[in-house]
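Biologist: Can we go through this model together? I'll ask, you answer.

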Amino acid sequence: MDEFENEPTKEQKIWQVVAAIPPGNVASYGQVAAMAGLGRQARFVGQALGKLPAGHSIPWHRVLRSNGQIAFPEGTETRQLQTEKLRLEGVEVNKGKVSMKRFQWQP
DNA sequence: ACATTGACATGAT
DNA sequence: AATCATGCCAATG
């Protein structure tokens, strides 16, 4: 019954937070986790983003590691795609790394 | 119910 | 700067 009352699941919260990151800015997994009220579940953030359905409008590419590095290994298309998207938004990416000092999102 | 995995973080070496 | 080890917590097998 009330199963249809979708309470905001953790994933939904994560998506919400990620969606709130303005273009040209980035956030770390840990930051997103903390903002979604998940505490230190930085890892779960990645998992949640991995479960994103097709056709989502979530700017997952704005989420990086705490050190500004992209979470994917080199040679993967996902990483390349993320890099490109970030550059298109004006974020400088060098060797899969972003200058956090400049682009980290501060609410 | 237990073991393993994971788009991480942080501190030590 | 790079690598290793430990912590975290949920999902999955």
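Biologist: Which helix gives the most to the surface near DNA strand B?

Modeller: α3 does, with five residues. Near means that a residue has a heavy atom within 4 Å of the molecule or strand. Helices are DSSP runs of H or I with at least four residues, strands are E runs of at least two, and both are numbered from the N terminus. Keep in mind that this is a predicted model: local features need pLDDT of at least 70, side-chain atom pairs count only at pLDDT 80 or more, and totals for chains, interfaces and linings use all residues. Residues are numbered from 1 along each chain as its sequence is written, chains are lettered from A and ligands numbered from 1 in the order in which they are written, and side-chain values use heavy atoms, with hydrogens and water left out.

Biologist: Which helices each supply at least two residues there?

Modeller: α2 (29-35) and α3 (42-50).

Biologist: And which residues come nearest to DNA strand B?

Modeller: Y29, R43, W60, R65 and S66, out of 13 around it. Of the strand B atoms within 4 Å of the protein, sugar and phosphate make up 40%.

Biologist: What does Y29 reach with its polar side-chain atom?

Modeller: A base nitrogen of DNA strand B, at 2.9 Å. That is a polar contact: a pair of N or O atoms within 3.5 Å; within protein, one must be able to donate a hydrogen and the other to accept it, and residues adjacent in sequence count only if both atoms are side-chain atoms.

Biologist: Which part of strand B do R65 and S66 meet?

Modeller: Phosphate oxygens. For R65, a polar side-chain atom is 2.4 Å from one. For S66, a polar backbone atom is 2.9 Å from one.

Biologist: Switching to strand C. Which residues are around it?

Modeller: K10, Q41, R43, F44, Q47 and K51. Here sugar and phosphate account for 75% of the strand C atoms within 4 Å of the protein.

Biologist: What do the side chains of Q41, R43 and K51 sit close to?

Modeller: An N or O atom of Q41 is 3.0 Å from a sugar or linking oxygen of strand C. R43 has one 3.2 Å from a base nitrogen. K51 places a polar side-chain atom 3.2 Å from a phosphate oxygen.

Biologist: How many residues does α3 supply near strand C?

Modeller: Three, the largest share.

Biologist: New topic. Is E11 buried or exposed?

Modeller: Buried, with a relative accessible area of 18%. The cut-offs are under 20% for buried and over 50% for exposed, with partly exposed in between (1.4 Å probe, protein chains only). E11 is in helix α1 (residues 10-19). E11 touches F44, A48 and K51, leaving aside residues up to four places away in sequence. Contact means heavy atoms within 4.5 Å.

Biologist: Last one, α4. Which of its residues are buried?

Modeller: R79, Q82, T83 and L86. Down the axis of α4, they fall within an arc of 100°, so they line one face. The arc is taken over directions from the helix axis to the C-beta atoms.

Biologist: What do those buried residues pack against?

Modeller: β2 (63-64), β3 (93-94) and β4 (97-98). The face turned away carries the exposed residues E77, Q80 and L88.

Biologist: And what comes just after α4?

Modeller: G90, with a positive phi of about 95°.
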